[in-house]
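I opened this entry to check one aromatic pair and one helix. My notes follow in the order I looked things up.

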Amino acid sequence: MARRRATTQGANIWPGFVDGLSTLLLVLMFVLSIFVVAQFYLGEQLTQKEQLLSEQDSAIARLKDQLAELAKDLSLAKADNAKLSDERDQLMVDLQILQDTIDEKDGQLASLGAAVAASAEELEAEKALSEDQKSEIATLNAQLAALRRQLASLQEALEAAEAKDLEQQAQIENLSSRLNAALARKVQELAEVRSRFFEALRDALGNRTDVRVVGDRFVFESDILFGSCSATISPAGQAELGKLARVLLEIQGEIPSDVAWVLRVDGHADQSPLGPTCRLQFDSNWHLSAERAISVVQYLSSQGVPNRRLVAAGFGEYQPLVSGRDSASLAQNRRIEFKLTER
């Protein structure tokens, strides 16, 4: 019985085992089904999440683009703002200038208003003038018109006088030119005559060492003509002066009659003071030189030279030819000079 009980108990385990196994299998299948369903559900959820995430990424990208666009717009807006600020500053400056101009114009307008008021007052004052005053003004206007006419006449007369003065000035300049030309011709003629006179006188006097030509003058040492401290011409001096007079008389016919020529005779003394005896006759070398020059022109006059062609002058010791005080130098400075020149 125990065996049968044991066999009966072994035969009863299998159905339970099968039932349990079936139950387990069903549970497994149920769990598997739930897992499959859950996996499907989770896959769907994941797909939705991924789509949602992709849409969010797209939205974020669009937001970034919009943000970049907004940043760009903000930069442009800032630039426009700076430009508007500059324009506003310039407008402020222009506005200030315009305000200053308006103030200036207001000042000018005020001045003009004052001037207009003053003019109005003057106009009123002028209107208030009496008829007598108007008559007086008319008289003064007439006198002013007469003065203007006189001034015009004087102006015409002045212009005529100036024109005449210009004409006379031109005539004077023309006459001056002609006179200068004539004088130049006369000077040239006189120079030619002087040259011939010098040549003829040099031939007449010979090669004397005590007679020489200095510039445009013939120079005689006084010792040829005078003794010591004397204004009386010596015989030898008269002979030499006679030669000069003859040459002068011969050549004067060649001098044009309209040339006012003269023979100038200059007396010079040396630098030595006069001695006591000489001082009894002459006050100074000035007097001695002048007396000798006068003696020469008087002698030439006695030889036929016209008096009006003779001029005498005394220079004393103040125009020496040489500066030495030796006997030779003093002899050179004691001299009579002849110069043919114009009066």
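I started with Phe 220 and asked whether it is buried or exposed. Its relative accessibility is 0%, under the 20% cut-off, so I count Phe 220 as buried. The model is predicted, so I read this as a computed value.

Next I looked up its ring partner. Phe 220 forms an aromatic pair with Phe 338. The centres are 5.1 Å apart and the planes meet at 75°, which makes the pair edge-to-face. Phe 338 is buried too, as its relative accessible area is 0%. I noted that the structure holds two aromatic pairs.

What does this pair tie together? Phe 220 sits in strand E2 (residues 217-221) and Phe 338 in strand E5, so the pair links parts 118 residues apart in sequence.

Then I turned to helix H6, residues 285-302. Does its length agree or disagree with the expected span? At 1.5 Å a residue, its 18 residues should span 26 Å, and the end C-alpha atoms are 26 Å apart, so the two agree.

I checked both ends. At the N-terminal end Ser 284 acts as the cap, with a side-chain oxygen 3.2 Å from the backbone nitrogen of Trp 286. Just after H6, Gly 304 has a positive phi of about 110°.

Last, I listed the buried side of the entry. The buried residues of H6 include Leu 288, Arg 292, Val 296 and Tyr 299. An α-helix has 3.6 residues a turn, so residues three or four places apart point the same way. Among the elements covering the buried residues of H6 I found helix H4 (235-252), strand E3 (261-268) and strand E5 (335-342).

Terms used. Residues are numbered from 1 along each chain as its sequence is written. This is a predicted model: local features need pLDDT of at least 70, side-chain atom pairs count only at pLDDT 80 or more; totals for chains, interfaces and linings use all residues. Side-chain values use heavy atoms; hydrogens and water are left out. Helices (H or I, at least four residues) and strands (E, at least two) are DSSP runs, numbered from the N terminus. The expected span of a helix is 1.5 Å times one less than its number of residues. Buried means under 20% relative accessible area, exposed over 50%, partly exposed in between (1.4 Å probe, protein chains only). Contact means heavy atoms within 4.5 Å. A polar contact is a pair of N or O atoms within 3.5 Å; within protein, one must be able to donate a hydrogen and the other to accept it, and residues adjacent in sequence count only if both atoms are side-chain atoms. Rings of Phe, Tyr and Trp (its six-membered ring) pair if their centres lie within 6.5 Å; planes under 30 degrees apart count as stacked, over 60 as edge-to-face and the rest as tilted.
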